[in-house]
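Q: Please take a close look at the interior of this protein, with attention to its enclosed and open spaces. A connected account suited to a first-year student would be appreciated.

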Amino acid sequence: MTQLHHALLFLASLLLFCPPTWQQFHHPQRISSIDLAALLDIKNSLTDLSSHAGTNFFSTWDLSAPDPCSSFAGVTCSVEPRSVSGQRVTTLTLGTGLSDSPGLSGSLSPSISNLTELTQLILFSGIVIGPIPSQLNSLKNLRVISLTKNRLTGAIPETLLTLPNLHTLDLSCNQLAGPVADLSGLTKLRVLVLASNRLYGDLPELPAQLLHLDLKNNGLSGTLPNRMPLTLRYLSASMNSMWGPLNGLESLSELVYLDLSMNRFSGTIPPSLFRPSLSSMLLQRNNLSGGVPPSLLPNPSSPPSISVSSYGSGSIVDLSHNFLTGDISSVLAGVETLFLNNNLLVGPVPEEYVNSVYSGSTKTLYLQHNYITRFPLEPGSVLPSRRPFAWLTIAWCHGWG
(Lines give C-alpha, C1' and ligand atoms only; values in the text may rest on other atoms or scores of the structure.)
Protein backbone atom coordinates (compact mmCIF):
# COMPACT_ATOMS: atom_id res chain seq x y z
CA MET A 1 0.00 0.00 0.00
CA THR A 2 1.45 3.36 -0.99
CA GLN A 3 2.07 6.26 1.39
CA LEU A 4 -0.84 8.13 -0.23
CA HIS A 5 -3.19 5.25 0.55
CA HIS A 6 -2.01 5.20 4.18
CA ALA A 7 -2.66 8.94 4.52
CA LEU A 8 -6.14 8.66 3.02
CA LEU A 9 -6.96 5.73 5.30
CA PHE A 10 -5.85 7.76 8.36
CA LEU A 11 -8.02 10.74 7.40
CA ALA A 12 -10.98 8.47 6.80
CA SER A 13 -10.61 6.96 10.26
CA LEU A 14 -10.53 10.44 11.81
CA LEU A 15 -13.74 11.38 10.03
CA LEU A 16 -15.35 8.13 11.10
CA PHE A 17 -14.51 8.29 14.81
CA CYS A 18 -14.24 12.10 15.26
CA PRO A 19 -16.71 13.63 12.79
CA PRO A 20 -16.71 17.45 12.68
CA THR A 21 -19.88 19.09 13.98
CA TRP A 22 -21.97 21.49 11.90
CA GLN A 23 -21.01 24.21 14.32
CA GLN A 24 -17.31 23.63 13.77
CA PHE A 25 -17.74 24.56 10.14
CA HIS A 26 -20.33 27.27 10.56
CA HIS A 27 -19.97 28.64 14.13
CA PRO A 28 -16.39 29.11 15.27
CA GLN A 29 -17.86 30.66 18.46
CA ARG A 30 -20.93 28.52 18.93
CA ILE A 31 -24.20 30.02 20.09
CA SER A 32 -26.49 27.86 22.15
CA SER A 33 -28.98 25.99 19.97
CA ILE A 34 -31.71 26.90 22.49
CA ASP A 35 -30.90 30.59 22.16
CA LEU A 36 -30.70 30.38 18.38
CA ALA A 37 -34.15 28.79 18.24
CA ALA A 38 -35.51 31.47 20.57
CA LEU A 39 -34.10 34.22 18.35
CA LEU A 40 -35.80 32.63 15.34
CA ASP A 41 -39.16 32.68 17.16
CA ILE A 42 -38.62 36.31 18.16
CA LYS A 43 -37.80 37.26 14.58
CA ASN A 44 -40.91 35.49 13.27
CA SER A 45 -43.16 37.34 15.74
CA LEU A 46 -41.97 40.83 14.79
CA THR A 47 -41.82 42.92 11.61
CA ASP A 48 -39.69 45.96 10.87
CA LEU A 49 -42.04 48.74 9.73
CA SER A 50 -39.24 50.48 7.84
CA SER A 51 -38.51 47.46 5.62
CA HIS A 52 -40.38 49.08 2.73
CA ALA A 53 -37.79 51.87 2.77
CA GLY A 54 -35.00 49.45 2.07
CA THR A 55 -33.85 48.92 5.65
CA ASN A 56 -34.71 46.03 7.88
CA PHE A 57 -33.59 45.54 11.48
CA PHE A 58 -33.67 41.76 11.03
CA SER A 59 -31.64 41.75 7.81
CA THR A 60 -28.57 40.67 9.79
CA TRP A 61 -30.43 37.84 11.51
CA ASP A 62 -29.22 35.25 9.04
CA LEU A 63 -29.39 31.83 10.66
CA SER A 64 -26.65 30.57 8.38
CA ALA A 65 -24.26 33.31 9.55
CA PRO A 66 -20.91 32.01 10.91
CA ASP A 67 -21.32 33.79 14.26
CA PRO A 68 -24.78 35.15 15.21
CA CYS A 69 -23.34 36.59 18.42
CA SER A 70 -21.28 39.10 16.45
CA SER A 71 -23.46 39.57 13.38
CA PHE A 72 -27.06 39.74 14.69
CA ALA A 73 -28.13 43.37 15.29
CA GLY A 74 -29.13 43.98 18.89
CA VAL A 75 -27.67 40.71 20.20
CA THR A 76 -24.78 40.44 22.66
CA CYS A 77 -23.51 37.12 23.98
CA SER A 78 -21.39 36.00 26.88
CA VAL A 79 -17.66 36.34 26.26
CA GLU A 80 -16.97 32.72 27.08
CA PRO A 81 -19.38 29.79 26.89
CA ARG A 82 -20.50 28.77 30.36
CA SER A 83 -21.14 25.23 29.21
CA VAL A 84 -20.59 22.93 26.27
CA SER A 85 -23.95 24.11 24.91
CA GLY A 86 -22.29 27.27 23.56
CA GLN A 87 -22.46 31.01 24.06
CA ARG A 88 -25.58 32.49 25.63
CA VAL A 89 -27.41 35.70 24.73
CA THR A 90 -27.01 38.28 27.51
CA THR A 91 -28.43 41.44 25.91
CA LEU A 92 -31.34 41.71 23.46
CA THR A 93 -32.21 45.08 21.93
CA LEU A 94 -35.12 45.03 19.50
CA GLY A 95 -35.29 47.95 17.06
CA THR A 96 -32.83 50.67 16.15
CA GLY A 97 -34.15 53.47 18.38
CA LEU A 98 -33.44 56.00 15.61
CA SER A 99 -35.75 59.02 15.55
CA ASP A 100 -36.71 58.46 11.92
CA SER A 101 -37.48 54.76 12.38
CA PRO A 102 -41.12 53.70 12.83
CA GLY A 103 -39.96 50.73 14.84
CA LEU A 104 -41.29 47.20 14.98
CA SER A 105 -44.78 45.71 14.87
CA GLY A 106 -46.10 42.34 15.93
CA SER A 107 -45.96 40.84 19.42
CA LEU A 108 -43.42 39.68 21.98
CA SER A 109 -42.72 35.96 21.69
CA PRO A 110 -42.83 33.91 24.92
CA SER A 111 -39.64 32.28 23.60
CA ILE A 112 -37.76 35.26 25.04
CA SER A 113 -37.98 33.33 28.30
CA ASN A 114 -35.66 30.67 26.85
CA LEU A 115 -32.80 33.17 26.84
CA THR A 116 -32.09 32.31 30.45
CA GLU A 117 -28.79 34.21 30.67
CA LEU A 118 -30.40 37.48 29.54
CA THR A 119 -29.52 40.55 31.63
CA GLN A 120 -31.07 43.30 29.46
CA LEU A 121 -34.26 43.26 27.39
CA ILE A 122 -34.91 46.46 25.43
CA LEU A 123 -37.70 47.19 22.94
CA PHE A 124 -37.55 50.55 21.20
CA SER A 125 -40.66 52.51 20.20
CA GLY A 126 -42.98 51.00 17.62
CA ILE A 127 -46.45 49.45 17.48
CA VAL A 128 -45.82 46.10 19.13
CA ILE A 129 -49.12 44.86 20.58
CA GLY A 130 -50.36 42.21 22.95
CA PRO A 131 -49.37 41.28 26.49
CA ILE A 132 -45.99 41.16 28.13
CA PRO A 133 -45.08 37.45 28.31
CA SER A 134 -45.62 36.21 31.86
CA GLN A 135 -42.86 33.64 31.31
CA LEU A 136 -40.20 36.34 31.70
CA ASN A 137 -39.99 35.40 35.38
CA SER A 138 -37.65 32.57 34.35
CA LEU A 139 -34.99 35.13 33.44
CA LYS A 140 -33.42 35.34 36.88
CA ASN A 141 -30.43 37.37 35.65
CA LEU A 142 -32.51 40.20 34.16
CA ARG A 143 -31.39 43.61 35.40
CA VAL A 144 -33.05 45.87 32.82
CA ILE A 145 -36.49 45.60 31.20
CA SER A 146 -37.34 48.53 28.93
CA LEU A 147 -40.41 48.09 26.71
CA THR A 148 -41.42 51.70 26.03
CA LYS A 149 -43.60 53.57 23.54
CA ASN A 150 -45.49 50.69 22.00
CA ARG A 151 -49.05 49.38 22.30
CA LEU A 152 -48.62 46.63 24.83
CA THR A 153 -51.85 45.71 26.60
CA GLY A 154 -53.09 43.72 29.56
CA ALA A 155 -51.88 43.86 33.13
CA ILE A 156 -48.29 44.07 34.28
CA PRO A 157 -47.47 40.40 34.91
CA GLU A 158 -47.04 39.78 38.61
CA THR A 159 -44.37 37.28 37.66
CA LEU A 160 -42.09 40.21 36.78
CA LEU A 161 -42.22 41.24 40.41
CA THR A 162 -40.30 38.14 41.45
CA LEU A 163 -37.15 38.85 39.43
CA PRO A 164 -34.40 38.94 42.06
CA ASN A 165 -31.86 41.09 40.20
CA LEU A 166 -34.13 43.62 38.46
CA HIS A 167 -32.64 47.13 38.62
CA THR A 168 -34.68 49.04 36.00
CA LEU A 169 -38.27 48.46 34.88
CA ASP A 170 -39.55 50.87 32.23
CA LEU A 171 -42.95 50.07 30.69
CA SER A 172 -43.95 53.66 29.94
CA CYS A 173 -46.14 54.86 27.07
CA ASN A 174 -48.13 51.70 26.42
CA GLN A 175 -51.73 50.67 27.03
CA LEU A 176 -51.19 48.54 30.12
CA ALA A 177 -54.16 48.45 32.47
CA GLY A 178 -55.02 47.28 35.96
CA PRO A 179 -53.67 47.88 39.47
CA VAL A 180 -49.99 47.96 40.35
CA ALA A 181 -49.08 44.92 42.42
CA ASP A 182 -46.93 45.01 45.55
CA LEU A 183 -43.41 45.96 44.51
CA SER A 184 -41.67 45.64 47.84
CA GLY A 185 -40.17 42.26 46.92
CA LEU A 186 -37.99 43.81 44.20
CA THR A 187 -35.19 44.56 46.61
CA LYS A 188 -32.69 45.58 43.90
CA LEU A 189 -35.07 47.81 41.92
CA ARG A 190 -33.76 51.36 41.59
CA VAL A 191 -35.69 52.76 38.59
CA LEU A 192 -39.42 52.27 38.01
CA VAL A 193 -41.15 54.04 35.10
CA LEU A 194 -44.81 53.17 34.45
CA ALA A 195 -45.88 56.56 33.06
CA SER A 196 -48.58 57.04 30.41
CA ASN A 197 -50.52 53.81 30.73
CA ARG A 198 -54.00 52.99 32.00
CA LEU A 199 -53.08 51.84 35.48
CA TYR A 200 -55.50 52.44 38.34
CA GLY A 201 -55.96 51.80 42.04
CA ASP A 202 -53.83 52.74 45.03
CA LEU A 203 -50.10 53.09 44.97
CA PRO A 204 -48.66 49.92 46.54
CA GLU A 205 -45.76 49.55 48.92
CA LEU A 206 -42.54 50.47 47.12
CA PRO A 207 -39.04 48.97 47.20
CA ALA A 208 -37.02 50.47 50.02
CA GLN A 209 -34.02 51.48 47.86
CA LEU A 210 -35.89 53.05 44.93
CA LEU A 211 -34.21 56.12 43.38
CA HIS A 212 -36.48 57.04 40.45
CA LEU A 213 -40.29 56.66 40.34
CA ASP A 214 -42.40 57.92 37.42
CA LEU A 215 -46.13 57.16 37.43
CA LYS A 216 -47.50 60.21 35.64
CA ASN A 217 -50.51 60.18 33.34
CA ASN A 218 -52.38 57.15 34.66
CA GLY A 219 -55.61 56.69 36.61
CA LEU A 220 -54.07 56.07 40.03
CA SER A 221 -56.09 57.08 43.09
CA GLY A 222 -55.78 56.99 46.85
CA THR A 223 -53.14 58.59 49.03
CA LEU A 224 -49.37 58.52 49.08
CA PRO A 225 -47.95 55.61 51.09
CA ASN A 226 -47.05 56.52 54.66
CA ARG A 227 -43.64 55.00 54.15
CA MET A 228 -41.96 56.28 51.03
CA PRO A 229 -38.44 55.12 50.07
CA LEU A 230 -36.02 57.49 51.80
CA THR A 231 -33.63 57.11 48.86
CA LEU A 232 -36.01 58.68 46.28
CA ARG A 233 -34.43 61.41 44.17
CA TYR A 234 -37.06 61.64 41.41
CA LEU A 235 -40.81 61.34 42.05
CA SER A 236 -43.50 62.04 39.46
CA ALA A 237 -47.15 61.08 39.83
CA SER A 238 -48.75 64.00 37.98
CA MET A 239 -51.99 63.73 36.02
CA ASN A 240 -53.61 61.09 38.21
CA SER A 241 -56.53 61.19 40.66
CA MET A 242 -54.57 60.93 43.89
CA TRP A 243 -55.68 62.78 46.99
CA GLY A 244 -54.88 63.34 50.65
CA PRO A 245 -52.01 65.11 52.43
CA LEU A 246 -48.37 65.29 51.46
CA ASN A 247 -47.12 64.17 54.87
CA GLY A 248 -45.40 61.14 53.36
CA LEU A 249 -42.89 63.46 51.67
CA GLU A 250 -41.54 65.12 54.81
CA SER A 251 -38.63 62.73 55.28
CA LEU A 252 -37.52 62.53 51.62
CA SER A 253 -34.36 64.59 52.03
CA GLU A 254 -32.75 63.20 48.85
CA LEU A 255 -35.46 64.45 46.46
CA VAL A 256 -34.25 66.74 43.69
CA TYR A 257 -37.34 66.45 41.43
CA LEU A 258 -40.98 66.34 42.59
CA ASP A 259 -44.03 66.51 40.32
CA LEU A 260 -47.45 65.80 41.84
CA SER A 261 -49.31 68.33 39.71
CA MET A 262 -52.85 67.90 38.44
CA ASN A 263 -54.15 65.67 41.23
CA ARG A 264 -56.42 66.33 44.22
CA PHE A 265 -53.87 66.56 47.02
CA SER A 266 -54.90 68.76 49.94
CA GLY A 267 -53.54 70.14 53.18
CA THR A 268 -50.37 72.11 53.69
CA ILE A 269 -47.06 71.77 51.88
CA PRO A 270 -44.45 70.29 54.27
CA PRO A 271 -41.92 73.06 55.10
CA SER A 272 -39.08 70.58 54.49
CA LEU A 273 -39.87 70.68 50.76
CA PHE A 274 -38.84 74.33 50.54
CA ARG A 275 -35.12 73.80 50.06
CA PRO A 276 -32.77 74.61 47.14
CA SER A 277 -31.65 70.99 46.81
CA LEU A 278 -35.20 70.20 45.66
CA SER A 279 -34.64 72.25 42.52
CA SER A 280 -37.86 71.17 40.74
CA MET A 281 -41.11 71.21 42.72
CA LEU A 282 -44.30 71.04 40.65
CA LEU A 283 -47.48 70.99 42.75
CA GLN A 284 -49.80 73.07 40.59
CA ARG A 285 -53.50 72.38 40.13
CA ASN A 286 -54.22 70.64 43.42
CA ASN A 287 -56.23 71.67 46.49
CA LEU A 288 -53.29 72.65 48.65
CA SER A 289 -53.76 75.24 51.39
CA GLY A 290 -51.71 77.00 54.03
CA GLY A 291 -48.78 79.25 53.33
CA VAL A 292 -45.15 79.29 52.26
CA PRO A 293 -42.70 79.26 55.21
CA PRO A 294 -40.94 82.56 55.95
CA SER A 295 -37.45 81.09 55.71
CA LEU A 296 -35.60 78.14 54.22
CA LEU A 297 -34.99 75.14 56.40
CA PRO A 298 -31.58 73.44 56.33
CA ASN A 299 -31.41 70.15 54.47
CA PRO A 300 -31.65 67.47 57.16
CA SER A 301 -29.08 65.37 55.29
CA SER A 302 -26.49 68.15 55.38
CA PRO A 303 -24.04 68.68 58.25
CA PRO A 304 -25.09 71.45 60.67
CA SER A 305 -22.04 73.52 59.69
CA ILE A 306 -23.30 73.96 56.11
CA SER A 307 -25.44 77.08 55.70
CA VAL A 308 -28.66 77.20 53.75
CA SER A 309 -27.95 78.04 50.11
CA SER A 310 -30.24 79.72 47.60
CA TYR A 311 -32.00 78.34 44.57
CA GLY A 312 -29.85 78.26 41.45
CA SER A 313 -29.88 78.01 37.68
CA GLY A 314 -32.48 75.66 36.26
CA SER A 315 -34.65 75.68 39.37
CA ILE A 316 -38.43 75.69 38.95
CA VAL A 317 -41.25 75.90 41.50
CA ASP A 318 -44.90 75.84 40.42
CA LEU A 319 -47.51 76.19 43.17
CA SER A 320 -50.12 77.86 40.98
CA HIS A 321 -53.85 77.08 40.94
CA ASN A 322 -54.13 76.06 44.59
CA PHE A 323 -55.58 77.74 47.71
CA LEU A 324 -52.39 79.03 49.32
CA THR A 325 -52.92 81.88 51.80
CA GLY A 326 -50.90 84.35 53.81
CA ASP A 327 -48.14 86.76 52.89
CA ILE A 328 -45.88 86.17 49.91
CA SER A 329 -42.74 84.77 51.47
CA SER A 330 -39.29 85.75 50.20
CA VAL A 331 -38.17 82.14 50.59
CA LEU A 332 -38.58 81.48 46.85
CA ALA A 333 -36.72 84.56 45.62
CA GLY A 334 -33.96 83.37 43.31
CA VAL A 335 -35.93 80.52 41.77
CA GLU A 336 -35.30 80.76 38.02
CA THR A 337 -38.89 79.91 37.04
CA LEU A 338 -41.56 80.62 39.65
CA PHE A 339 -45.34 80.32 39.42
CA LEU A 340 -47.41 81.46 42.42
CA ASN A 341 -50.37 82.72 40.41
CA ASN A 342 -54.01 81.82 41.04
CA ASN A 343 -53.86 81.46 44.81
CA LEU A 344 -55.11 83.51 47.78
CA LEU A 345 -51.81 85.17 48.70
CA VAL A 346 -51.99 88.68 50.18
CA GLY A 347 -49.87 91.68 51.03
CA PRO A 348 -46.87 93.31 49.38
CA VAL A 349 -44.35 91.52 47.21
CA PRO A 350 -40.96 91.31 48.97
CA GLU A 351 -38.15 93.36 47.42
CA GLU A 352 -36.08 90.19 47.07
CA TYR A 353 -38.18 89.20 44.06
CA VAL A 354 -37.42 92.43 42.18
CA ASN A 355 -33.74 92.13 43.06
CA SER A 356 -33.74 88.56 41.77
CA VAL A 357 -35.26 89.66 38.46
CA TYR A 358 -32.75 92.53 38.11
CA SER A 359 -29.82 90.23 38.83
CA GLY A 360 -31.04 87.69 36.26
CA SER A 361 -31.52 84.89 38.80
CA THR A 362 -35.27 84.86 38.14
CA LYS A 363 -36.28 84.72 34.49
CA THR A 364 -39.98 83.89 34.83
CA LEU A 365 -42.22 85.17 37.62
CA TYR A 366 -45.99 84.72 37.72
CA LEU A 367 -47.86 86.30 40.64
CA GLN A 368 -51.14 87.36 39.06
CA HIS A 369 -54.58 86.47 40.38
CA ASN A 370 -53.73 86.90 44.06
CA TYR A 371 -54.56 89.73 46.50
CA ILE A 372 -51.33 91.69 46.16
CA THR A 373 -51.32 95.17 47.69
CA ARG A 374 -48.00 96.53 46.49
CA PHE A 375 -45.15 95.73 44.15
CA PRO A 376 -41.85 97.46 45.10
CA LEU A 377 -41.13 98.95 41.71
CA GLU A 378 -41.05 102.71 41.36
CA PRO A 379 -43.38 104.19 38.72
CA GLY A 380 -41.56 104.51 35.41
CA SER A 381 -38.93 102.00 36.36
CA VAL A 382 -37.93 99.67 33.58
CA LEU A 383 -36.55 96.22 34.13
CA PRO A 384 -33.47 95.19 32.15
CA SER A 385 -34.33 94.58 28.49
CA ARG A 386 -32.87 91.11 28.67
CA ARG A 387 -35.72 90.19 31.04
CA PRO A 388 -38.79 91.12 28.93
CA PHE A 389 -40.73 88.01 29.86
CA ALA A 390 -40.32 88.63 33.58
CA TRP A 391 -41.27 92.27 33.07
CA LEU A 392 -44.53 91.37 31.34
CA THR A 393 -45.67 88.97 34.02
CA ILE A 394 -44.71 91.28 36.85
CA ALA A 395 -46.34 94.27 35.19
CA TRP A 396 -49.59 92.36 34.87
CA CYS A 397 -49.34 91.41 38.53
CA HIS A 398 -48.57 95.05 39.52
CA GLY A 399 -51.64 96.13 37.57
CA TRP A 400 -53.77 93.81 39.69
CA GLY A 401 -52.48 95.41 42.85
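A: A cavity is a set of grid points where a 1.4 Å probe fits but cannot get out, and its lining residues have an atom within 4 Å of a point. In this predicted model, the count comes to one cavity of 30 Å³ or more. The largest cavity has a volume of about 30 Å³. Its lining consists of I156, L161, L169, V180, A181, L183, L192 and L194. By class, these lining residues are eight nonpolar, no polar and no charged.

The largest pocket, an open space, may be considered next. About 180 Å³ of space lies in this pocket. Its lining is formed by S184, E205, L206, P207, A208, P225, R227, M228 and P229. Six of the lining residues are nonpolar, one is polar and two are charged.

The interior also contains nonpolar cores, and the largest of them has 95 residues. The residues with the most contacts inside this core are L39, L92, L94, L258, L319 and L332. At least two residues of the core are supplied by each of helix 3 (33-45), strand 2 (75-77), strand 3 (89-94), strand 5 (120-123), strand 7 (144-147) and helix 5 (351-359). Helix 3 gives the largest share, four residues.

One residue of this core, L258, deserves separate attention. When its neighbours within four places in sequence are left aside, L258 is in contact with L235, L249, L273, L278, S280, M281, L282 and L283.

Technical notes. Residues numbered from 1 in each chain as written. Predicted model: local features only at pLDDT ≥ 70, side-chain atom pairs only at ≥ 80, totals over all residues. Heavy atoms only, no water. Core = buried A, V, L, I, M, F, W, Y, C linked by side-chain atoms within 4.5 Å. Buried < 20%, exposed > 50% of the residue type's maximum accessible area, 1.4 Å probe, protein only. Contact = heavy atoms within 4.5 Å. 1 Å grid on protein atoms, 1.4 Å probe; cavity = no way out; pocket = protein on both sides within 12 Å on 5 of 7 lines; lining within 4 Å. Points joined across faces, edges and corners; volume = space filled by probe spheres on them. Nonpolar A, V, L, I, M, F, W, Y, C, P; charged D, E, K, R; others polar.
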